[in-house]
Amino acid sequence: MLAPGFADPVHDAQGTFRAVMDALARPGLPRRLDTRLAPPAPLTPELAAVALALTDADTPVWLDAGLAAAPEVAAYLRFHTGAPLTDDPARAAFALIRDPARCPPLARFAQGTPAYPDTSTTLVLALDRIAAGVGLHLTGPGIRGATRIALAPVPDGFVDQCAANHAGFPLGIDLILTAPGLVAGLPRSTAVTES
């Protein structure tokens, strides 16, 4: 039996959309992401909420190995969003990453083009923990001065990959980071350093 989507599709999608947009507008500041979803494992409620709010028939979605190995996840996403699934990360509008430690290099995803930088991939990662005020040092648009955020787990070389991603601005990918009950944003315009 197919797991249900949003109980109130319009209001729940609007609430998720607002939380994600606020998170991307204020990088490094986690926002509450209220969801009562119970999607098929290993898809998390937060990944499911972002997918249900942001994807549709015009946004190809790439799934990491763990999600792609669960046919129930593909069926759930196809039914509730209509989004086509792609095996090529460079062709994805969105990429859902359940196992961030094994995320492919950020450079493998669509970076956009000079004429259409918005054609890049947006990565949505399911983290175990997001904590403000400690960890990585962030600067850039939407941040007054600087801020800090701790993320776990992250891919090997995450800070270096973020630096390369930022250096290509306005090209590059945007990151939507989720953890239980939370969402945070790391757009390509944000500089990420260790200190």
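This report describes a helix, two sheets and an aromatic pair in a predicted model.

## Helix α1

Helix α1 covers residues 9-25, which is 17 residues. At 1.5 Å a residue the expected span is 24 Å, and the C-alpha atoms at the two ends are 24 Å apart, so the expected and computed values agree.

The buried residues of α1 include A13, T16, A19, V20 and A23. These residues lie on the same side of α1, because the arc they cover around the axis is only 130°. In an α-helix there are 3.6 residues a turn, so residues three or four places apart point the same way. The cover over the buried residues of α1 includes the strands β1 (31-32), β7 (174-179) and β8 (182-186), together with helix α2 (45-54).

On the face of α1 turned away from the buried side are the exposed residues V10 and H11. V10 has a relative accessible area of 52%, and the cut-off for exposed is over 50%, so V10 counts as exposed. Between V10 and A53 the C-alpha to C-alpha distance is 9.1 Å, while in sequence the two are 43 residues apart.

## The sheet of six strands

Six strands form an open sheet with mixed pairing, in the order β1-β8-β7-β4-β3-β2. The edges are β1 and β2 (61-63); each has a single partner strand, so one side of each is left without a neighbour in the sheet. Helix α1 packs on this sheet and touches β1, β7 and β8. The direction of α1 makes about 40° with that of β8.

At the β2 edge, the partner is strand β3 (residues 94-97), which runs parallel to β2 and is joined to it by 3 bridges. Within this pairing, L63 stands opposite L96 of β3.

## The aromatic pair

A search of the whole structure returns 1 aromatic pair. It is made by W62 and F109, with ring centres 5.5 Å apart. The planes of the two rings are at 80°, so the pair is edge-to-face.

W62 belongs to strand β2, whereas F109 is in the loop between β3 and β4 (122-126). The two residues are 47 residues apart, and their pair links distant parts of the chain. W62 and F109 are both buried.

## The sheet of three strands

A second set of strands forms an open sheet of 3 strands with antiparallel pairing, in the order β6-β5-β9. Strands β6 and β9 are at the edges, and each of them pairs on one side only. From one strand to the next, the twist averages 60°.

Strand β5 (residues 129-139) pairs with β6 (residues 147-152) over 7 bridges, in the antiparallel sense. In this pairing A131 has A150 of β6 as its bridge partner, and I130 stands opposite L151 of β6. The pairing of β5 with β9 (residues 191-193) is also antiparallel and has 3 bridges. There, the bridge partner of T139 is A191 in β9.

Helix α5 (residues 158-167) lies across β5, β6 and β9. Its direction is at about 155° to β9.

Terms used:
Residues numbered from 1 in each chain as written. Predicted model: local features only at pLDDT ≥ 70, side-chain atom pairs only at ≥ 80, totals over all residues. Heavy atoms only, no water. Helix = DSSP H or I, 4+ residues; strand = E, 2+ residues; numbered from the N terminus. Expected span 1.5 Å × (residues − 1). Buried < 20%, exposed > 50% of the residue type's maximum accessible area, 1.4 Å probe, protein only. Arc of directions from axis to C-beta. Contact = heavy atoms within 4.5 Å. Pairing = 2+ DSSP bridges. Axes fitted to C-alpha atoms, helices over the stretch in contact; angles between N-to-C directions. Phe/Tyr/Trp six-rings, centres within 6.5 Å; stacked < 30°, edge-to-face > 60°.
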